[in-house]
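Please look over the model below. Two topics are covered in this report: one helix and one pocket.

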Amino acid sequence: MKVFVIGSGGREHALVWKIRQNPHVSHIYCAPGNAGIGELAELVVLAPDNIVGLLQFAQQQQIDLTVVGPELPLSLGLVDAFAAQGLRVFGPNQRAAQLEGSKAFAKELMQQQGVPTAAFATFTNLEAARRYIHTMGAPIVVKADGLAAGKGVFVCATIKEALDASRQILSEHVFGEAGNTIVVEEFLQGEEASFLAFTDGTTVLPLASAQDHKRIFDDDRGPNTGGMGAYSPAPIVTEALTQRIVQEVMSPVVNGLRQRGIVYKGILYAGLMIKQEQIKVLEFNVRFGDPECQPLMLRLQSDLVDVMEAVIDERLASVSLSWDARPAGCIVPAAIGYPCAYDTGAPIIGLDSLRTWQNGMVFHAGTANANGAVVTKGGRVLGVTSMGADIRAAIAEAYRAVEHISWSGMQYRHDIGRRALIHAK
Ligand code: AMP
């Protein structure tokens, strides 16, 4: 069986690593991949938004299963293009991917399905947004409607900040067409958790819980990033809460889409704010979270390819997932300057010493090979991921491994798992 994975992050390295464990998989291609993925798969020089090129490649190589990592190709209709040619592909189609590609679409669907979320209004007109912001007061949150590489959300402490954000998005077009509409919503307090589930459009099969750390600096300071670390399970997501999230969030969304003629197949990811048993949805993603995917893949004992095939064939009701009971933690060493401008091309030292690491994996994100060395090529560079007897041990082990690694301009958070450790006390 030939598998084609699209993407180049820690998420895709973790997926490739897990897919390789299926005994029927004979060859994995990855476009464009990274240095770590290149040790497990054949890299293909095609960008994730080159739908025509990716389709041609999949047809030429007679790929049996394509797995899409990031959201952009999903929003661009990769799944529709592949399926139209009879290719099997794991991920939601273009209409389903609107759940992430348009925050206004997601909010309206939630409203219609009675899914708990922050009070909101959508605007294309700056003056109307201004009036609403003045009425609601601060703190308040302003979001670009479309995909903005994780940068389109402004959590505003003052009315002035909210007005500035609205103007930048609607009038100055800082996110281009992704900012033709804004969502202005109520500021929510609580603890965030990521809830991921496989779905075939009918059945919702939750993954183990996970939590990530979005801010760049310790103590949740500084700007939001793609994620500086993660762990699984998330103690705040109890068994009882899991059932409620399926019943109150995931199933209503999947059913609401089906009522609109959209069969959602793939991973459905809800970013949640939880406060004293109250659940509210912050956002939906239409793919695995990165870095959450990394601890999740380390803990998943079931065969990933089998589950993905069941999703495609709409027979998820007959599948269950088994997990390693041990928690896993993931630390993301990043390039200094990230999430703003950063340097690339720095040789990474210490990777070889972790090749025989028993308890974890160093998943690569922004890395490349240059003159025989592995060098940095992105903001988030690695996902150092480990299991342990408990969450404290898992995270301590991951930090021990991080200490073996260095490059000029490496930064990482020192408090990954902090909230889990508070629960664990
Ligand atoms: P999103 O991409 O919508 O999940 O937003 C990114 C981050 O912004 C979230 O992970 C939260 O930390 C924060 N955020 C988004 N919406 C809200 C909200 N309504 N209230 C408070 N924080 C929010």
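What follows describes a helix and its surroundings, then a pocket and its lining.

This is a predicted model.

**Helix α11**

Helix α11 spans residues 304-312. The helix is mostly covered, with 8 of its 9 residues buried. Those buried residues are L304, V305, V307, M308, E309, A310, V311 and I312. What do they pack against? Their partners include three strands, β4 (65-68), β5 (89-90) and β10 (191-199). Strand β16 (266-275) is also a partner. On the helical side, they pack against α1 (10-19) and α10 (293-299).

The N-terminal end of α11 is capped by D303. A side-chain oxygen of D303 lies 3.0 Å from the backbone nitrogen of V305. At the other side, just after α11, E314 takes a positive phi of about 55°.

**The second largest pocket**

The second largest pocket holds about 450 Å³ of space. Its lining has 21 residues, and E39, L351, R355, V362 and H364 are the closest to its centre. Which elements each supply at least two residues of this lining? They are α1, β20 (360-364) and β22 (373-376). Strand β20 gives the most, with 4 residues. Helix α1 thus appears twice here: α1 packs against buried residues of α11, and α1 also supplies residues to the lining of the second largest pocket.

By class, the lining divides as follows.

| Class in the lining | Count |
|---|---|
| Nonpolar | 11 residues |
| Polar | 7 residues |
| Charged | 3 residues |

Note on methods:
Residues are numbered from 1 along each chain as its sequence is written. This is a predicted model: local features need pLDDT of at least 70, side-chain atom pairs count only at pLDDT 80 or more; totals for chains, interfaces and linings use all residues. Side-chain values use heavy atoms; hydrogens and water are left out. Buried means under 20% relative accessible area, exposed over 50%, partly exposed in between (1.4 Å probe, protein chains only). Contact means heavy atoms within 4.5 Å. A polar contact is a pair of N or O atoms within 3.5 Å; within protein, one must be able to donate a hydrogen and the other to accept it, and residues adjacent in sequence count only if both atoms are side-chain atoms. On a 1 Å grid over the protein atoms alone, a cavity is a set of points where a 1.4 Å probe fits but cannot get out, and a pocket is an open set with protein on both sides within 12 Å along at least five of seven lines; lining residues have an atom within 4 Å of a point. Grid points are joined across faces, edges and corners, and a volume is the space filled by probe spheres set on the points. Ala, Val, Leu, Ile, Met, Phe, Trp, Tyr, Cys and Pro count as nonpolar, Asp, Glu, Lys and Arg as charged, and the others, Gly among them, as polar.
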